[in-house]
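User: I would like to understand how the labels on a model like this one are earned. Could you take me through the reasoning, value by value?

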Amino acid sequence: MVLSTGTIPYALGREYHDLDAVLDGVRRLCHPSVELVLHPDWRGDIAPRTRQPSEWSESQNLAFADIADHLARVAGDISIASVHGNRDLGAFLSSRDKADQRTGQTLLWEHLSLTRDLDADVLVVHAWDPQDPDPALDVAGESIRNIALSDRSVTVAVENIPTNRDASSQPASLERIMRTSDRIGMALDLSWATHHAHFGDLIAYLERVVNVHVQGYLHHDGQHMHMLTRGTDVSILPAIYELLSRGYRGQWTLELNRVRRLGTFVAALSWLEREIFGKE
């Protein structure tokens, strides 16, 4: 089980973009395998395109080289299984503005370089902007294909994030991206897939799924523990069981919502490991 770093600082009462809080939390949890989430506001030269929980000026000014150097010095025995590209990638890559597209391509190459430097196997990317009613998916697909073909030591996996209501659906958008190359993998987010009722369509890509994001929050109904999808009261368990029944044995990544203390991570990890690995 791999632990997403995205919300770990919240469990320590610190800001999401505090890299040292991420490392501190991982050490306290004694869970060395993580998916490192790169935040859009960690860059000093490009303002975030997506809305962030705090002002850009309050975040750490970290270039990719800074992140790699810092982790090399202080991460110790923490293993980075995958890197989650920053959420702005899709907004740049699928923009119809040529300058934005070039920015996205530069960011994507920098993401790949950092992933290699950290010895991670998977780079998770967003390929479109959820707010854009008409993203340039073919342009984004070409950029991602070029990255995927450039280095076979890293699998570039596109995540099924939401789409604008006037744009193509998650499955249709993914199809446009993934048909550009069979080297492109998929990161299957169970919360978004279940919330938007696309799980049945997305399961068609199972052979290319290299990372399953178990995103949600813990809920105890008085008898049993559940993990519910973000923004709904739908359990993720049926989707997990379906993946196991179909033979999925790739990476599972916990993306925990509504975090207030480290004990919530401990409970969620314990519960998920029982549900997943106890049934293999």
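User: What makes R28 count as exposed?

Analyst: Happy to start there, with the note that this is a predicted model. R28 has a relative accessibility of 53%, and exposed means over 50%, so R28 counts as exposed.

User: And why is D24 called partly exposed?

Analyst: D24 has a relative accessible area of 21%. Buried would need a value under 20% and exposed one over 50%, so D24 is partly exposed.

User: How do you know that R28 and D24 form a salt bridge?

Analyst: The test is a side-chain nitrogen of Lys or Arg within 4 Å of a carboxyl oxygen of Asp or Glu. For R28 and D24 the N to O distance is 3.1 Å, so the pair meets the definition of a salt bridge. Both residues belong to helix α1, residues 19–29, and sit four residues apart, about one turn of the helix.

User: How many salt bridges does the structure hold?

Analyst: There are eight salt bridges. One of them joins D151 and R116, with 3.0 Å from N to O. D151 is in the loop between α5 (137–150) and β5 (155–159) while R116 is in helix α4 (residues 98–117), so this pair ties together parts 35 residues apart in sequence.

User: What makes D151 buried or exposed, and how does R116 count?

Analyst: D151 comes out at 12% relative accessibility, and buried means under 20%, so D151 counts as buried. R116, at 37%, counts as partly exposed, because that value lies between the 20% and 50% cut-offs.

User: What about D138 and R176: which helices does that pair link?

Analyst: D138 and R176 form a salt bridge, their closest N and O atoms being 3.1 Å apart. It links distant parts of the chain, with D138 in helix α5 and R176 in helix α6 (residues 170–178), 38 residues apart. D138 is partly exposed at 45% relative accessible area, and R176 counts as partly exposed at 25%. Elsewhere, salt bridges that share partners join R14, D18, D24 and R28 into one network.

User: Let's turn to helix packing. Why is α9 called oblique to α10?

Analyst: The axes of helix α9 (residues 237–245) and helix α10 (residues 262–277) come within 10 Å and cross at roughly 40°. Angles under 35 degrees would count as roughly parallel, and roughly perpendicular runs from 65 to 115. The crossing falls between those ranges, so α9 is oblique to α10.

User: Which residues meet across the two helices, and of what kind are they?

Analyst: From α9 come L237, I240, Y241 and L244, which meet W271, L272, E275 and I276 of α10. This contact divides into seven nonpolar residues, no polar ones and one charged. E275 is in the contact, and Glu counts as charged.

User: How do you know that the buried residues of α9 line one face?

Analyst: The buried residues are L237, A239, I240, L243 and L244. Viewed down the helix axis, they fall within an arc of 160°, so they line one face of α9. On the other side of α9, P238 and S245 are exposed. The buried residues of α9 pack against β6 (185–189), α7 (190–195), α8 (199–202), β7 (209–220), β9 (251–256) and α10. Just after the helix, G247 has a positive phi of about 90°.

User: What makes the phi of D119 worth a remark?

Analyst: Most residues other than glycine have a negative phi. D119 has a positive phi near 60° and is a residue other than glycine. D119 lies in the loop between α4 and β4 (122–125). With a relative accessible area of 63% set against the over 50% cut-off, D119 is exposed.

User: Where is A197, and what is its phi?

Analyst: A197 is in the loop between α7 and α8, and its phi, near 60°, is also positive in a residue other than glycine. At 65% relative accessibility, A197 counts as exposed.

User: Finally, why is R152 called exposed?

Analyst: R152 has 60% relative accessibility, and exposed means over 50%, so R152 counts as exposed. R152 is found in the loop between α5 and β5. The C-alpha atoms of R152 and D121 are separated by 9.5 Å, with the two residues 31 apart along the chain.

Notes. Residues numbered from 1 in each chain as written. Predicted model: local features only at pLDDT ≥ 70, side-chain atom pairs only at ≥ 80, totals over all residues. Heavy atoms only, no water. Buried < 20%, exposed > 50% of the residue type's maximum accessible area, 1.4 Å probe, protein only. Axes fitted to C-alpha atoms, helices over the stretch in contact; angles between N-to-C directions. Parallel < 35°, antiparallel > 145°, perpendicular 65-115°, else oblique. Contact = heavy atoms within 4.5 Å. Arc of directions from axis to C-beta.
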